[in-house]
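This report describes selected local features of one protein model for a reader who has not seen it before. It takes up ring pairs, then charges over rings, then single residues with particular surroundings or backbone geometry.

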Amino acid sequence: MDPELEAFLALFPKTDLTDLETSRRNFAELAVAVPAPDLTDMQVENRTVPADPDVPVRIYRPHLAQGAIVWMHGGGWVMGDLDTEHPWAARLAGLSGAVVISVGYRLAPENPFPAALDDTYAVLNWTAEHAAELGIDAARIAVGGHSAGGGLAAGVALRARDENGPPIRFQLLNQPGLDDRQGTWSARNFTGTPWMNRDKVTEAWRHYLGSAPATPYAAPARATDLTGLPPAYVSTAEFCPNRDEDIEYALRLLQAGVPVELHQWAGTFHGSQAILSAEVSQRQLAELGATVRRALAG
């Protein structure tokens, strides 16, 4: 493991998704501890997207932005909100120069699948329909997210393709949760890795799916046809249960004719880019911003 990351391991709280109240509180405390983002030359606005039910969003608008990314936070579908994602959504907007529309989707287990996906899809449609009002080009809308949010981004890209929804310019999948079956080498063997491990992934999927069987929109790795999807950037962490399912999904996208950029970050673990002092984290965040900037260029 990267020594700059390893030095911080003791500061990460042990999370057990069987105790959601404590896990959510710890997750919120971690977000507060992150250095505040620079909001200079950026407008930040809370809005509500009309849907059933309405969906809260936070819009980050850098000066002269023309493209947008609909962005979903991580947290295993059970933790996180607009406030916990604030440091990361703001940084992404600053680094990419794009409008970031952070989605406050409903959490499981109170609202199991497809609630979060429905919320995300509603925000995608709203963004496309209100592009002129938002000051963006409707042809330059991407979707993206981290961890569970990356899984939602992949799921919404599949749904938009299947339902002839708004055209998506790009999908940014950062350590996404894609496969409930947990059959890959990394899913089976990473039982004690920092922050995310096999038991935690199992609990996250149990909460998210509830009693429903997994569909490709919930677990995009289950999709048999990946043709016609937007170009993708897929990022993985070396010590992450999701690693191998993400790499396999990237390869399958390539084999389906979808342009893909894949980056496997050596020495990192799931979510370790939150350790901003580490050089590898700074490179990861800079690359996410540069990737979005390139994808949404004219």
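Rings of Phe, Tyr and Trp, the last by its six-membered ring, count as a pair if their centres lie within 6.5 Å. Planes under 30 degrees apart make the pair stacked, and planes over 60 make it edge-to-face. The model is predicted, and it holds 7 aromatic pairs.

**Aromatic rings**

One of these pairs is formed by Trp77 and Tyr208. Their ring centres are 4.4 Å apart and the planes differ by 5°, and the pair is stacked. Trp77 belongs to the loop between strand 3 (68-72) and helix 3 (82-96), while Tyr208 belongs to helix 8 (residues 198-209), so the pair ties together parts that lie 131 residues apart in sequence. Trp77 and Tyr208 are both buried.

Tyr208 also pairs with Phe113. Here the centres are 5.7 Å apart and the planes stand at 75°, so this pair is edge-to-face. Phe113 sits in the loop between strand 4 (99-103) and helix 4 (115-129), and the pair links it to Tyr208 in helix 8, 95 residues away.

Are Phe113 and Tyr208 buried or exposed? Buried means a relative accessible area under 20%. Phe113 has 13% and is therefore buried. Tyr208 has 1%, so Tyr208 is buried too. Ring pairs join Trp77, Phe113, Trp205 and Tyr208 into a cluster.

**Charges over rings**

Two tryptophan rings have a side chain of Arg or Lys over the face. Arg91 is placed over Trp88, at 5.6 Å from the ring centre. Lys200 is placed over Trp195, at 3.6 Å from the ring centre.

**Thr193**

Thr193 is in the loop between helix 7 (185-189) and helix 8. With a relative accessible area of 10%, Thr193 is buried. A polar atom of the Thr193 side chain lies 2.7 Å from the backbone oxygen of Met196. Leaving aside residues up to four places away in sequence, Thr193 touches Phe239 and Pro241.

**Backbone geometry**

Which peptide bonds ending at Pro53 and Pro109 are cis? Asp52 and Pro53 are joined by a cis peptide bond with omega of about 0°. Pro53 lies in the loop between strand 1 (42-49) and strand 2 (55-62). The bond from Ala108 to Pro109 is likewise cis, with omega near 0°. Pro109 is in the loop between strand 4 and helix 4, the loop in which Phe113 is also found.

Ser147 and Asn164 have a positive phi although neither is a glycine. The table sets out these two residues.

| Residue | Phi | Place | Relative accessible area |
|---|---|---|---|
| Ser147 | about 60° | loop between strand 5 (141-146) and helix 6 (148-162) | 5% |
| Asn164 | near 50° | loop between helix 6 and strand 6 (170-174) | 70% |

Ser147 is buried at 5%, whereas Asn164 is exposed at 70%. The cut-off for exposed is over 50%.

Note on methods:
Residues are numbered from 1 along each chain as its sequence is written. This is a predicted model: local features need pLDDT of at least 70, side-chain atom pairs count only at pLDDT 80 or more; totals for chains, interfaces and linings use all residues. Side-chain values use heavy atoms; hydrogens and water are left out. Helices (H or I, at least four residues) and strands (E, at least two) are DSSP runs, numbered from the N terminus. Buried means under 20% relative accessible area, exposed over 50%, partly exposed in between (1.4 Å probe, protein chains only). A charge sits over a ring if NZ of Lys or CZ of Arg is within 6 Å of the ring centre and within 35 degrees of the ring normal. A polar contact is a pair of N or O atoms within 3.5 Å; within protein, one must be able to donate a hydrogen and the other to accept it, and residues adjacent in sequence count only if both atoms are side-chain atoms. Contact means heavy atoms within 4.5 Å.
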